[in-house]
Amino acid sequence: MKKKRRFAPERQYFAFHPLVSRWLLIRTILVHTGVMKVANKTVRQSVSLPEKTAAQVRTMAKTRRVSSNRILVELIETGIEAEKRRQDEFFDLAKRFRSATDPEEAKRLGDKLGQMVFGD
């Protein structure tokens, strides 16, 4: 039975550099300082879409030459951002309504708040 030849542990760290006629010591030290951004973790989610919506998503994906999944992610992110903006606008309007001293201004702001909450 033939023994396998093993390199000495220290030899594994050496590599030959083609421009230099000697062996160089190459070591890689991985340091995570906490500053580096960790990649976003993805979660698989099943979603049922109406036929018309699914067709629109596929059309958008073909037009942009990306996957349907990428389009769905972009649409969802856009919707979340729009909802946050709408909430910020609502709270700003409520703050202005509470601090209004002029009755006409308070009535106008109150009507606008009502439209935001209950629609037209």
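Let me begin with a term I will lean on throughout: a residue counts as buried when its relative accessible area is under 20%, as exposed when that area is over 50%, and as partly exposed in between. Arg96, to take one case, has a relative accessibility of 37%, and therefore counts as partly exposed.

What you see above is a predicted model, so before the details, a word on confidence. The mean pLDDT of the chain is 79, and 68% of its residues reach 70 or more. Confidence is uneven among the elements, with helix 1 having the highest mean pLDDT, 95, and strand 2, which covers residues 23-25, having the lowest, 51. Where pLDDT is low, the predicted coordinates should not be read in detail.

Now the overall layout. The secondary structure comes to 3 helices and 2 strands, and along the sequence these follow the pattern β-β-α-α-α. The chain has 120 residues, of which 8% count as buried.

Let me turn to helix 1 and what follows it. Ala61 lies in helix 1, and with a relative accessible area of 4% Ala61 is buried, because that value is under 20%. Ala61 and Leu72 are 11 residues apart in sequence, and their C-alpha atoms are 9.1 Å apart in space. Between helix 1, residues 51-64, and helix 2, residues 68-99, there is a loop, and Arg65 lies in that loop. The backbone of Arg65 deserves a moment, since its phi is near 60 degrees, a positive value in a residue other than glycine. For context, most residues other than glycine have a negative phi. Is Arg65 buried or exposed? Arg65 is exposed, with a relative accessible area of 77%.

The next topic is charge pairing. How many salt bridges does the structure hold? There are 7 salt bridges in the structure, and I will go through several of them. Arg64, Arg70, Glu74 and Glu77 are linked in a network of salt bridges. Within that network, Glu77 forms a salt bridge with Arg70, and the closest N and O atoms of this pair are 3.9 Å apart. Both partners are partly exposed, Glu77 with a relative accessible area of 42% and Arg70 with a relative accessibility of 35%.

Further along helix 2 we come back to Arg96, which forms a salt bridge with Asp92, the closest N and O atoms being 4.0 Å apart. Why are these two residues about one helical turn from each other? They are separated by about one turn because they are 4 residues apart in helix 2. Asp92, at 39% relative accessibility, counts as partly exposed, as does Arg96 at 37%.

Helix 3 supplies another example, in which Glu105 forms a salt bridge with Arg108 and the closest N and O atoms are 2.9 Å apart. These two residues both lie in helix 3, residues 103-118, where they are 3 residues apart, about one turn of the helix. Glu105 counts as partly exposed at 29% relative accessibility, and Arg108 is partly exposed as well, with a relative accessible area of 42%.

I would also like to mention the aromatic side chains, for which a search of the whole structure finds 1 aromatic pair. The pair is formed by Phe90 and Phe91, with 5.7 Å from centre to centre and 70 degrees between the planes, and it is edge-to-face. The two rings' residues fall into separate accessibility classes: Phe90 is partly exposed, with a relative accessible area of 26%, whereas Phe91, at 53% relative accessibility, counts as exposed.

Finally, the pocket. The largest pocket has a volume of about 450 Å³. Which residues line the largest pocket? Its lining includes Thr42, Val43, Arg44, Gln45, Val47 and Leu49, and also Asn69, Arg70, Leu72, Val73, Ile76 and Glu77. By type, the lining divides into 6 nonpolar, 3 polar and 3 charged residues. Some of these names have come up already: Arg70 and Glu77, which line the largest pocket, form a salt bridge with each other, and Leu72, also in the lining, is the residue whose C-alpha lies 9.1 Å from that of Ala61.

Technical notes. Residues numbered from 1 in each chain as written. Predicted model: local features only at pLDDT ≥ 70, side-chain atom pairs only at ≥ 80, totals over all residues. Heavy atoms only, no water. Buried < 20%, exposed > 50% of the residue type's maximum accessible area, 1.4 Å probe, protein only. Salt bridge = Lys/Arg side-chain N within 4 Å of Asp/Glu carboxyl O. 1 Å grid on protein atoms, 1.4 Å probe; cavity = no way out; pocket = protein on both sides within 12 Å on 5 of 7 lines; lining within 4 Å. Points joined across faces, edges and corners; volume = space filled by probe spheres on them. Nonpolar A, V, L, I, M, F, W, Y, C, P; charged D, E, K, R; others polar. pLDDT = per-residue confidence, 0-100. Phe/Tyr/Trp six-rings, centres within 6.5 Å; stacked < 30°, edge-to-face > 60°.
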